[in-house]
Amino acid sequence: MDRYVTGAVIRRLRENKGLTQEELAARIFVSGKAVSKWETGQGFPDISLLEPLAKALGISVIELLSGEDIRNRNRSSNMLRGKFYVCPVCGNVIRSVGEALVSCCGITLPPAEAEPALGEHAISVEDVEDEFYVSLRHPMEKGHYISFLAAVSDDGTQFVKLYPEGNADARFKRRRVRRLYAYCNRHGLFEVKL
Ligand SMILES: [Fe+2]
């Protein structure tokens, strides 16, 4: 494994934490010189040090490996600001309340950015009693289809998985729903604000 963690990342995370090289070294029982070598690219921390190093820097191992520390400033967790992460390999869908570092099938997934639902991806919404009937006129072929629909309110997410050859529709409880989402496996995430 080469460059599984870079010196620049270690330095940035150490400085964010307000530690000197010596202080960081003391926490993980290595010499200050060792830390200095890592940061200047003259060596790498032994793999057995990853966990203690991450702990000393106040982050998870996965954050250390990705070179990012994830901080959610909005801890009140408003679902409307949540994210969808979709794995392009296996189709897994992960919903988070805030920012997260998500990986699936060995890939770090970016949050899906929603575009306005227009044209082929227009989302139609009808009121049926206390529900929304949500549908799209979009192909549902293997290789190009709507793979899920979701309705998001400030306190929750309703989610329906769809499959090729099925219908691109779903019913959702109307209560407090503010956003509707459709995910096309080829074109990504589309959104309607209600
Ligand atoms: Fe599409």
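**The iron site and its surroundings**

In this predicted model, five protein donors surround the iron ion: H121 (NE2), H138 (NE2), H144 (NE2), C184 (SG) and H187 (ND1). These donors lie 2.2 to 2.4 Å from the iron ion. Along the sequence, the donor residues follow the spacing H-x16-H-x5-H-x39-C-x2-H. H121 lies in the loop between β5 and β6, while C184 belongs to strand β11, so this pair ties together parts that are 63 residues apart in sequence. H121 is buried, with a relative accessible area of 7%. C184 is also buried, at 0% relative accessibility. Both values fall under the 20% limit for a buried residue.

Strand β11, which carries C184, is part of an open sheet. This sheet has 5 strands in the order β5-β12-β11-β8-β9, and its pairing is mixed. Its edge strands are β5 (115-116) and β9 (156-161), each of which pairs on one side only. Within the sheet, strand β8 (residues 146-153) runs antiparallel to strand β11 (residues 177-184), and 7 bridges join the two. V152 stands opposite R179 in β11. In a regular strand, side chains alternate between the two faces of the sheet.

A second set of paired strands centres on β7. Strand β7 spans residues 131-135 and is mostly covered, with 4 of its 5 residues buried. Strand β6 (residues 124-128) pairs with β7 in the antiparallel sense over 5 bridges. Here E126 stands opposite Y133 in β7. The two strands form a hairpin with 2 residues between them. One residue of the turn, E129, has a positive phi of about 50°. Strand β7 also pairs with strand β10 (residues 169-173). These two strands run antiparallel and are joined by 5 bridges. The bridge partner of S135 in β10 is D169.

Side chains of opposite charge can pair when their charged atoms come close. Across the whole structure, 11 salt bridges are found. Two of them involve K173. In one, the side chains of D130 and K173 meet at 3.5 Å, N to O. D130 lies in the loop between β6 and β7 and K173 in strand β10, so the salt bridge ties together parts that are 43 residues apart in sequence. D130 is partly exposed, with a relative accessible area of 42%. K173 is partly exposed as well, with a relative accessible area of 43%. In the other, the side chains of K173 and E131 meet at 3.8 Å, N to O. This pair links strand β10, which holds K173, to strand β7, which holds E131, across 42 residues. E131 is buried, with a relative accessible area of 16%.

Another salt bridge joins two helices. The side chains of E39 and R14 meet at 2.5 Å, N to O. E39 lies in helix α3 (residues 32-39) and R14 in helix α1 (residues 7-16), so named parts of the chain 25 residues apart are linked. Both E39 and R14 are buried. The pair belongs to a network of salt bridges that links R11, R14, E15 and E39.

The largest pocket holds about 290 Å³ of space. Its lining consists of 17 residues. Of these, V86, C87, P88, G91 and Y183 lie nearest the centre of the pocket. By class, the lining has 12 nonpolar, 4 polar and 1 charged residues.

Two loop residues have notable backbone angles. Most residues other than glycine have a negative phi. F29, however, has a positive phi near 60°. F29 lies in the loop between α2 (21-27) and α3. At 77% relative accessibility, F29 counts as exposed. R176 also has a positive phi, near 60°. R176 is placed in the loop between β10 and β11. At 44% relative accessibility, R176 counts as partly exposed.

Definitions and conventions: Residues numbered from 1 in each chain as written. Predicted model: local features only at pLDDT ≥ 70, side-chain atom pairs only at ≥ 80, totals over all residues. Heavy atoms only, no water. Buried < 20%, exposed > 50% of the residue type's maximum accessible area, 1.4 Å probe, protein only. Pairing = 2+ DSSP bridges. Salt bridge = Lys/Arg side-chain N within 4 Å of Asp/Glu carboxyl O. 1 Å grid on protein atoms, 1.4 Å probe; cavity = no way out; pocket = protein on both sides within 12 Å on 5 of 7 lines; lining within 4 Å. Points joined across faces, edges and corners; volume = space filled by probe spheres on them. Nonpolar A, V, L, I, M, F, W, Y, C, P; charged D, E, K, R; others polar. Donors = N, O, S within 2.8 Å, 3.2 Å for Na, K, Ca; no water.
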